[in-house]
Amino acid sequence: RLIQQDRCTVLFGSVSAPVGLAALQAAEALETPYIELASSAEALLERGARHFLRTAPRAAEFGRLGHAV
């Protein structure tokens, strides 16, 4: 709805993997950029999406980054 009816040109992400995956699928189908701000789920990167950018570290990196502090 945001892309087709409201004519959003960019989507900004969620904080949960299930919502992020659904948004990514819709954004890719409509060739709309999707920027994920918080979800660290590896599944978001495994899809090979062309219109996807994530600002959060991968889930596997949280342990390593937390250990370094």
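These are my notebook entries on a predicted model of one protein.

**Entry 1. Overall layout**

I began with the secondary structure. The protein has three helices and three strands. Read along the sequence, they follow the pattern β-α-β-α-β-α. I then took the dimensions of the C-alpha trace. Along the principal axes it spans about 45 × 20 × 15 Å.

Next I looked up burial. Of the 69 residues in the protein, 26% are buried. The exposed surface comes to about 4800 Å². Carbon and sulfur atoms supply 56% of that area.

I also checked how far contacts reach along the chain. I took contacts between residues at least 6 apart in sequence, and 21% of these join residues at least 24 apart.

**Entry 2. Helix α1**

Does the length of α1 agree with its residue count, and what span should it have? The helix runs over residues 17-29, which makes 13 residues. At 1.5 Å a residue it should span 18 Å. I found its end C-alpha atoms 18 Å apart, so the two agree.

Which residues of α1 are buried? They are G20, L21, L24 and A27. Seen down the helix axis, these buried residues fall within an arc of 130 degrees, so they line one face of α1. The spacing rule fits here: an α-helix has 3.6 residues a turn, so residues three or four places apart point the same way.

I then asked what the buried residues of α1 pack against. Their partners are β1, β2 (34-36), α2 (43-46) and β3 (52-54). On the other side of the helix, P18, Q25 and A29 are exposed.

A22 also sits in α1. I noted its relative accessibility as 45%, so it counts as partly exposed. I looked up its distance to A60 as well. The two are 38 residues apart along the chain, and their C-alpha atoms are separated by 22 Å.

**Entry 3. E31, after the helix**

I moved on to the residue with the unusual backbone angle. E31 comes just after α1, in the loop between α1 and β2. Its phi is positive, about 50 degrees, although E31 is not a glycine. For background, most residues other than glycine have a negative phi.

Is E31 buried or exposed? Its relative accessibility is 61%, so E31 counts as exposed.

**Entry 4. E36 in strand β2**

E36 lies in strand β2. Its relative accessible area is 0%, so I logged E36 as buried.

What does E36 touch, leaving out residues up to four places away in sequence? I listed G13, S14 and V15, then G20, then L44. The list goes on with F52, L53, R54, T55 and A56. Of these, G20 is one of the buried residues of α1.

I also looked up E36 against T9. They are 27 residues apart along the chain, with C-alpha atoms separated by 15 Å.

**Entry 5. R54 and A56**

Two of the E36 contacts, R54 and A56, got their own look. R54 is in strand β3. At 13% relative accessibility, it counts as buried, since the cut-off is under 20%. I set aside neighbours within four places in sequence. R54 is then in contact with E36, S39, S40, A41, E42, L44 and L45.

A56 lies in the loop between β3 and α3 (59-68). A56 also counts as buried, with a relative accessibility of 13%. Which residues does A56 touch, not counting those up to four places away in sequence? They are E36, L37, A38 and S39.

For a distance, I paired A56 with A23. They are 33 residues apart in sequence and 16 Å apart in space, C-alpha to C-alpha.

**Entry 6. A nonpolar patch**

Last, I checked the surface. V10, F12 and L37 make a nonpolar patch of about 280 Å². L37 is also among the residues that A56 touches.

Where is V10 placed? V10 is in the segment before β1 (11-12). Its relative accessible area is 32%, so I entered V10 as partly exposed. That value fits patch membership, because residues in a patch need over 30%.

Conventions
Residues are numbered from 1 along each chain as its sequence is written. This is a predicted model: local features need pLDDT of at least 70, side-chain atom pairs count only at pLDDT 80 or more; totals for chains, interfaces and linings use all residues. Side-chain values use heavy atoms; hydrogens and water are left out. Patches are made of residues with over 30% relative accessible area and no salt bridge: like charges are joined within 9 Å, nonpolar side chains (Val, Leu, Ile, Met, Phe, Trp, Tyr) within 5 Å. Accessible areas come from the Shrake-Rupley method with a 1.4 Å probe; for residues, only the protein chains shown count as cover. A salt bridge is a side-chain nitrogen of Lys or Arg within 4 Å of a carboxyl oxygen of Asp or Glu. Helices (H or I, at least four residues) and strands (E, at least two) are DSSP runs, numbered from the N terminus. Buried means under 20% relative accessible area, exposed over 50%, partly exposed in between (1.4 Å probe, protein chains only). The expected span of a helix is 1.5 Å times one less than its number of residues. The arc is that of the directions from the helix axis to the C-beta atoms. Contact means heavy atoms within 4.5 Å.
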